[in-house]
Amino acid sequence: MSDVRLSHVEKSFGAHSVIKDVNLDIASQEFAVMVGPSGCGKSTLLRIVAGLEDVTSGHIHIDGKDVTGLEPVDRGISMVFQSYALYPHMTVAENMTFGLRVSGVAPAEIARRLKSAAETLQLNQYLDRKPSQLSGGQRQRVAIGRSIVRDPKVFLFDEPLSNLDAELRVHMRLELARLHRQLGSTMIYVTHDQVEAMTLADKIVVLQGGHVEQVGAPLTLFDDPANMFVAGFIGSPRMNFLPARVVHGNGRKLAIDEDDTMSVTVPQLRVPLSEGTTVTLGIRPQHLRLASDGVLRLRPDMVEHLGDVGYLYGQTPAGTPLVAQITDRIAIAPQHEVRLDFDPVAAFVFASDGSRLR
């Protein structure tokens, strides 16, 4: 078993706290992805697991063993960085096996591991080439191969695809998903790209300001976000947030954009709210549809056509930004007001502090 457990982990640089009481369990063979905006602490947390940063307090267990005070080489991990960090004067084979040779692994064992990793990553025909003779995707595969030959308990990835172009990123996402299935290893992956997270993860860890906001399967976070931050971060395009206030005593009828002509009743809301309470209504672009008698009014600034679907970008009469997904191939003139509707059951309601109201 190669599980990873973080217990009350904290990290400070001087008086500045960057990781705040993080508790996290990653099961053996799980692909866990840590996401969040720049500066949220995800790379620092990965470096703490790797042993490249010391904890201020707390403990890290890998495979049931407390590794908090151990050096990186003694933790049974291998890390793939954003930079390929390949030796330009060495061949692919030499780059992949350099660490094993330095560690004194027997030549026969090195050859066995190299053969296995090269076959897994489809690098056999490139073993005699230098890094300069490879594409960006091939170089990244070599960097991953260098980790595989070490036979680690846990693979750590720190934004490994951010240097690749869009097409290669898609290809490498598929490669990493295949690699995880084939190796059956525990993987922890850091990215700022929530599309990568939704594609690769068994479990997503959403971070903000050094805190873990929510942990769950990709579709769980999409369908059932714990708060406004997670709701806005998971999903592309991001969720629409509309200011609203309670206009009925049962707490379920909301006026949107402070406009009593734009109101909706949210039947799933059970928490009692008094009239006049201000809240935020969350609606995903995928849940909006064009309707002549729709409750929302939108003045589009731009229409983005992507083939089978398109997106309307604009504002409500009160100036609130709004994005709607459309499936009809119709011409919509900029600033020509359209009406939108949605199923209230698909809406989310958030309190003034960003917490989810249910």
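A residue counts as partly exposed when its relative accessible area lies between the buried limit, under 20%, and the exposed limit, over 50%. In this predicted model, Arg358 has a relative accessible area of 45%. Arg358 is therefore partly exposed. Asp224 is also classed as partly exposed, at 31% relative accessibility.

These two residues form a salt bridge. The closest N and O atoms of Arg358 and Asp224 are 2.6 Å apart. Arg358 lies in the segment after strand S21 (356–357). Asp224 lies in the loop between helix H7 (218–223) and helix H8 (228–233). The pair is 134 residues apart in sequence, so the bridge ties together distant parts of the chain.

The model holds 15 salt bridges. One of them joins Lys11 to Glu53, with the closest N and O atoms 3.8 Å apart. Lys11 belongs to strand S1 (residues 4–13), whereas Glu53 sits in the loop between helix H1 (42–50) and strand S4 (57–62). Parts that are 42 residues apart in sequence are therefore tied together by this pair. Lys11 has a relative accessible area of 10%. The cut-off for buried is under 20%, so a value of this kind falls in the buried class. Lys11 is accordingly buried.

A bridge within a single helix is formed by Glu109 and Arg113. Here the closest N and O atoms are 2.9 Å apart. Both residues lie in helix H3 (residues 107–121). They are four residues apart, about one turn of the helix. An α-helix has 3.6 residues a turn, so residues three or four places apart point the same way. Glu109 is partly exposed, at a relative accessible area of 25%. 

Strand S1 also takes part in an open sheet of four strands. The order is S2-S1-S4-S5, and the pairing is antiparallel. Strand S2 (16–26) and strand S5 (65–66) form the edges, each pairing on one side only. S1 and S2 are joined by seven bridges in the antiparallel sense. Lys11 recurs here: its bridge partner in S2 is Ile19. Helix H1 packs on the sheet and touches S1, S2 and S4. The direction of H1 makes about 115 degrees with that of S1.

H1 itself is largely enclosed by the rest of the structure, because seven of its nine residues are buried. The buried residues in H1 are Lys42, Thr44, Leu45, Leu46, Ile48, Val49 and Ala50. Just after H1, Gly51 takes a positive phi of about 90 degrees.

A second antiparallel pairing involves strand S17 (residues 310–315) and S18, over six bridges. Gly310 has Ile326 as its bridge partner in S18. Five residues separate the strands in this hairpin, and Gly319 takes a positive phi near 90 degrees there. Strand S18 (residues 321–326) is largely enclosed by the rest of the structure, because five of its six residues are buried.

Helix packing is illustrated by helix H4 (residues 136–148) and helix H5 (residues 166–183). Two packed helices are described by the angle between their axes and the distance between the axes. The axes of H4 and H5 come within 11 Å and cross at roughly 25 degrees. H4 is therefore roughly parallel to H5, since angles under 35 degrees count as roughly parallel. The crossing of H4 and H5 is right-handed. On the H4 side, the contact is made by Gly136, Gly137, Gln140, Arg141, Ile144 and Ile148. H5 contributes Leu168, Met172, Glu175, Leu176, Leu179 and Leu183.

Ile234 lies in the loop between H8 and strand S11 (240–246). Its relative accessible area is 0%, and Ile234 is buried. Beyond its neighbours within four places in sequence, Ile234 is in contact with Gln194, Met198, Val206, Leu221, Phe222 and Arg284. Asp223 and Ile234 are eleven residues apart in sequence. Their C-alpha atoms are 9.6 Å apart in space.

How values were computed: Residues numbered from 1 in each chain as written. Predicted model: local features only at pLDDT ≥ 70, side-chain atom pairs only at ≥ 80, totals over all residues. Heavy atoms only, no water. Salt bridge = Lys/Arg side-chain N within 4 Å of Asp/Glu carboxyl O. Helix = DSSP H or I, 4+ residues; strand = E, 2+ residues; numbered from the N terminus. Buried < 20%, exposed > 50% of the residue type's maximum accessible area, 1.4 Å probe, protein only. Pairing = 2+ DSSP bridges. Axes fitted to C-alpha atoms, helices over the stretch in contact; angles between N-to-C directions. Parallel < 35°, antiparallel > 145°, perpendicular 65-115°, else oblique. Left-handed = near helix turned anticlockwise from the far one by under 90°. Contact = heavy atoms within 4.5 Å.
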